[in-house]
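Biologist: Could you walk me through the aromatic rings in this one? I have not looked at it before.
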Amino acid sequence: MKSNFPGLILFCFSLLVFAYGYGVLSYRNNLFPITLIQHAMKGAEELLQVTKTKVPWYYTESDRKEKSIVYNPDAIEPGLTLVNGMGADRELSTMVVNQQGQVIHSWDIDWFDIWPDATHLSSNPKSKPGGHILGIMVMPDGDLVFSFEKLGLVRLDICGNVVWRLPYRTHHSLYLDENNVFWVPGQITRTEALENLPNYEPPFEDFTILRVSQDGEVIEEMSVFDILRNNGLNGLLYLSTLQGRVTTVTGDTLHLNDVKTFPRVLEEGVFKHGDIMISLRNINAVMVINPDDLKIRFMTIGTILRQHDPDFIDGNTISVFDNNNLAPDNDGHYSKIVTISALDGSVSEYYSGSDEKPFFTDIMGKHQLLQNGNVLISESRKGRAFEIDSDGEIVWEYFNLLGNGYVSLLNEAQRLPPEYNEEFFKSRSSACRRS
């Protein structure tokens, strides 16, 4: 039998040409079936919008059934855990839980109740949740201090009443030094050009380092732009330019996401007591700064990718939450915890996700070095916190479980010191029930 394969190819090609030609004609003259296609496209767009409305980005599908899993009770660092994230129905969720995931205490935090008259903002949130909480701390009296992300710093008492509000766009992290001074990142959106920042096109983000008193007053404000320029690092301000001959940049060029100081409880090495460490996510940099002259004592650039939450380990070493954001989270890619030596700049992998033990969050993420040598890790986008021992074995796991096949964003899990026990919260919150 003689093959008619060339004729078949020619026939198919003719159909494609006809279909394309008629498609163009129907689009220009509104002929059949353009109306059906337009209705279908509109319906798809509406369905997509409904889906986005029903399932915000901070909710993730999950088949998890248990909120808390204890794998090795003898290896867990004792204590309750502060968990901060998103709850059901777009509500903020801040609570203290035990190892079994039972809630010991919680705060009812609502942006619209706490700050209905935020005149320091160019525009106020219009709908729930109002703002996320990043950077949070329980104080010795049971008060809660936290940042509404890029909206302001707040102190609530244990009953949820406002103690003070700082009308400054704080964000990301909160650190308390030995002098009982808070260190927190700040942010100013510049809508006009600044003379000392040529080729910075408004609007752009001007990041600051703030020292804040226990009464919620700004003690000191330091510009990250000024620190980089004064250290001869002007080139780092323009890494986001996309043009060959023009260095114009705009928007969030640096993304400051952590500030803390080197504590007196650690022995000095390269780092000295009071040194300031900052993390600049968008240039993949961590820097340690002398507080006296604001000269950079140590920096690492490009050894980590879109990092968060650097911590001092000793006088010569830091640990960093390396998001390692190279690929989608379903692409077999993993975040990790690394240590970096200030002596030689070497990077060592302390813990990494794997095919057997997945661990990845493209944004956010925290890690806490515990007293017994364990590390508590917050895998934020997966709504998960887990504690590993010195061998990298998971000894405890917690999920911000919503039920109905979803977990919710977990901004941070933080193991509390032993004095913050159940009796601590019970005795201090008893006044709330009487009032």
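Biologist: To start somewhere, is Tyr 351 buried or exposed?
Modeller: Keeping in mind that this is a predicted model, Tyr 351 is buried, since its relative accessible area is 7% and the cut-off for buried is under 20%.

Biologist: And how many aromatic pairs turn up in the whole structure?
Modeller: A search of the whole structure gives 21 aromatic pairs. One of them joins Trp 57 and Tyr 58, whose ring centres are 5.6 Å apart with the planes at 75°, and because an angle over 60 degrees counts as edge-to-face, that is how this pair is classed.

Biologist: Which of those two is buried, then?
Modeller: Tyr 58 is the buried one, with 5% relative accessibility, whereas Trp 57 is partly exposed, at a relative accessible area of 41%.

Biologist: Back to Tyr 351, what does it pair with?
Modeller: Tyr 351 pairs with Phe 359 in a tilted arrangement, with 6.0 Å from centre to centre and 40° between the planes. Phe 359 is buried as well, at 0% relative accessibility.

Biologist: Which rings are linked into a cluster?
Modeller: Trp 107, Tyr 420, Phe 424 and Phe 425 are joined into a cluster through ring pairs.

Biologist: Switching topic, where does Arg 384 lie?
Modeller: Arg 384 is placed over the face of Phe 386, 3.9 Å from the ring centre.

Biologist: And what about Arg 415, which ring does it lie over?
Modeller: That one is Trp 396, with Arg 415 over its face at 5.2 Å from the ring centre.

Definitions and conventions: Residues numbered from 1 in each chain as written. Predicted model: local features only at pLDDT ≥ 70, side-chain atom pairs only at ≥ 80, totals over all residues. Heavy atoms only, no water. Phe/Tyr/Trp six-rings, centres within 6.5 Å; stacked < 30°, edge-to-face > 60°. Buried < 20%, exposed > 50% of the residue type's maximum accessible area, 1.4 Å probe, protein only. Lys NZ or Arg CZ within 6 Å of the ring centre and 35° of its normal.
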